[in-house]
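Trainee: Hi! Could you walk me through this structure? I'd like to start with the odd spots in the backbone.
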Amino acid sequence: MPLNDADTPAITVAGVSRHFGLIQALTDVSLECHYGEILAVLGENGAGKTTLMRILAGLDRASSGQLFKRSEPYSPHSPRDAVNAGVTLVQQHFALVPTMTAAENILLFRSQRRLRTTRDKAASDLEALSTRLGFKIDVDKPVGEMSVGARQRLELLRALDSDPDVLLLDEPTAVLTDAESDSLLEIVRSLAHDDNRSIVFITHRLREVVKVADRVVVLRNGKVVVPAAPVDQRTAAELASEMVGSEVHDAIRTPQIIGKPRLIVDSLTTSEVGPISLTVHEGEVLGIAGVEGNGQTELERVLIGARHCTGGRVRFGEIDLADIPPRRRIASNIAYIPSDRERTALVGPMRCDENLLLGRTTRLARRHEKAKTLMEQWSVLGLPESVANTLSGGNAQKLVAARELESHPELILAFQPTRGLDPGATAFLRQVLLDMTAFGSAVLWVSADLDELLAVTDRIVVMYSGSIAGEFKQPFDRGAVGLAMAGIA
Amino acid sequence: MIFGLVDIVSIAFWATLLAAGVRLAVSVGMAALGEMINERAGVLNLGLEGVMLIAGFAGFAASFESGSPWLGLGVGFIIGGLVGALFAFLVVILRADQVVTGLALTLFGIAFTAFLNREIYGGGSTPPRAPKPGVWEIPILKEIPIVGEGLFSQSHVVYLAILITVLLIVYLRRSYWTIVLDAVGEEPRAADAAGHSVVAVRFVATVVGSSLAGLAGALLIVGQLGFFNTDIIAGRGFIAVAIVIFGRWRPGGVALGALLFGVLDALQFRFQTLDTAIPFEFFIALPFAVTLIAVAFGAKNAREPSALAVPFFRETE
């Protein structure tokens, strides 16, 4: 059982940095978590939370800086090292084998010295542990047939099987309903306060921070922007603005004349999202804000006809968009800028001029000449005959824009159009998309970058947990949008 | 045709058919069990045919030179493992494409053994013969109607194959290793997070599976035929891959699938002796065709290991 030692932190992170090539994922992060305490690490996607957890759990190494476990230097080389040191991680994904039963999954994680442990022993241990924590689990059911809530509880049991004194939880409630996450949080609270474990809890949901955490630290762009402070001294609004940042961006969008409705999404539902209702008008830019993973990808797939919806309609004139093949979508003059740039937007090993023809025409003649003009016009740095893979991210996206926007489409579905691009390309793409509205294009602009949406859109709807959590009009109240994104409407 | 009709209804016909079916199932079944172990770890080995040929030829050479078929079987098993280690090095450690590497191994095996056979044994139409293991007729049990002849009046290699199959079924059902094996094939990231080396498990599984495939080649060539000919495996390696799907990656199902193929193969030999206008090639193709149809329809809901033929990279983010 964990020792009670109030003054020594269970786990200490001292000046940890991590970079992947040129990308700086973590910069000089320091924090500590004591026994019997829940420390929340709050931040948006890409803030570096998961990288930090992976380093603590032995799945990744820090580029510089040190870790301490009860004041002893701690540098796990593998997940096994971490478990032996009493540190276990509950990951967002991939930690359970769906074809195996709960008991077998526990067995998989038991260390070598307990190799002889039988399935029955694992099953009875599991039952005893779950009973103590106050819920039931079917130990002989394949994990793939369990509800996501049950699976998440099993992940927790799996992590507790080695009796760790430090438990790392990476967005444990990301896929749960509110009721399910409440019951999980209740268990987490008792693990810290009754069992005296040290719990580091990663989340982007403010509601949960306020509900269970003792202290909270805010990460943004890989840096600690607000050092750990007791949660009860902070307000939700403060935390929300610290999480999303408060750099001032001038709106580059000037009010436009808005015309008739062009895209009408009417109570759209699938097994994972909905109901979603929204309308984009002629000449209007509608932004969809939200932390990634709140249903934006599902929405994208339904809008382009790659996934069937279980209810509702997506009307574009006389057409139901969810029902038509890509060829008809293109023929109806609808542009699509995919979020998965590498795999969906371009064929990497094909030439630029060939990529410009994709879905547009079957005529190969004059492709080179046409591509040359188009690429000059859209300032794509590259040759028509060079392979798309050789373009920089910004130029590749310009090439996509050139193909999709050349015909002045009536509707533009833009998903994360500027993500990961350099500032020059970002500014260029924002400008061309906005210019399109002057020709009457309706633009649906999905972005995880709130600052961008505040600057370029006429209206913003916020997606949270698969449905619309709020709608905002110019001039935007940044704090209110941030709260909606964090699930506090 | 009269001869055929009378024959088909007699008990003796069925008893002989089953006995021949069991004999013909032995090699393909052992290869399929080996492939099953590979695939459950996420490694697709289409080089099975090549492994069977190379190991089978090595086994034959050992048996012929020493006069001991048992030595030949042992050599087949070991050479199978060594070829498997080479394959595992390419696809597990260097992460080469499993389909392409496997097919290359098969083509290499066909050509390489044909070459060696011609150089060493002349490669003529009357190949030299090596001694075969004896037959063991179990008294009383062999008198059981229909199944007696098939199960209790067979060559020693048939009993060996049945013994290995039974041991494998029991072992896979009880062993901790099965859980690790399946985790690596289904969700390698979970196995990795649990502290098991995905690369090591896949390597070992590939070597073990190929050893069984090597033994399978030797069972046929050393244990049952006693001679070697060019391309003597004749597609049985690929049938073994199909049987794994038919058997839904379970040893019992795989054994059953192999028996089905064996009985069909025995049946087509009977058909060939009938006096019909149908060319004999049609009958030779029959068991292969029926097996493929059985796989296509019988295993409709079967799900292969999720990570089959997918190389493992530990992600950085």
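Mentor: Sure! Start at P475(A), which sits in the loop between β20 (467–473) and α17 (478–485) of chain A. The model is a predicted one, and in it the peptide bond from Q474(A) to P475(A) is cis, with omega near -10°.

Trainee: Why point that bond out?

Mentor: Because most peptide bonds are trans.

Trainee: Okay, what about phi of N221(A)?

Mentor: Phi there is near 50°, a positive value in a residue that isn't glycine. N221(A) belongs to the loop between β9 (215–220) and β10 (223–230) of chain A.

Trainee: Is N221(A) buried or exposed?

Mentor: Exposed, because its relative accessibility is 54% and the cut-off for exposed is over 50%.

Trainee: And which loop holds N333(A)?

Mentor: The one between α10 (326–331) and β16 (334–337) of chain A. N333(A) also has a positive phi, near 65°. Its relative accessible area is 21%, so N333(A) counts as partly exposed.

Trainee: Switching topic: what domains does chain A have?

Mentor: The domain assignment gives domain 1 (9–244) and domain 2 (261–485). Their C-alpha centres lie 35 Å apart.

Trainee: How many residues of each are in contact?

Mentor: 9 residues of domain 1 of chain A are in contact with 11 residues of domain 2 of chain A. Together the two domains bury about 820 Å², with 57% of it on carbon and sulfur atoms. Helix α8 (residues 236–244) of chain A gives the most to the domain 1 side, with 4 residues. By class, that side has 5 nonpolar, 2 polar and 2 charged residues.

Trainee: How many salt bridges does the rule find between those domains?

Mentor: It finds 0 across that interface. The count of residue pairs in polar contact between domain 1 and domain 2 of chain A, both at pLDDT 80 or more, is also 0.

Trainee: Now the two chains: how much area do chain A and chain B bury between them?

Mentor: About 2,000 Å², and 62% of it is on carbon and sulfur atoms. The contact takes 23 residues from chain A and 21 residues from chain B.

Trainee: And how many polar contacts there?

Mentor: There are 4 residue pairs in polar contact between chain A and chain B, both at pLDDT 80 or more, while the rule finds 0 salt bridges across this interface.

Trainee: Which element gives the largest share of the chain A side?

Mentor: That's α3(A), with 4 residues. The residues on the side of chain A that touches chain B divide into 13 nonpolar, 4 polar and 6 charged.

How values were computed:
Residues numbered from 1 in each chain as written. Chains lettered and ligands numbered in written order. Predicted model: local features only at pLDDT ≥ 70, side-chain atom pairs only at ≥ 80, totals over all residues. Heavy atoms only, no water. Domains from an automatic or database assignment. Contact = heavy atoms within 4.5 Å. Buried area = accessible area lost by both parts, 1.4 Å probe. Salt bridge = Lys/Arg side-chain N within 4 Å of Asp/Glu carboxyl O. Polar contact = N/O pair within 3.5 Å; in protein donor to acceptor, adjacent residues only side chain to side chain. Helix = DSSP H or I, 4+ residues; strand = E, 2+ residues; numbered from the N terminus. Nonpolar A, V, L, I, M, F, W, Y, C, P; charged D, E, K, R; others polar. Buried < 20%, exposed > 50% of the residue type's maximum accessible area, 1.4 Å probe, protein only.
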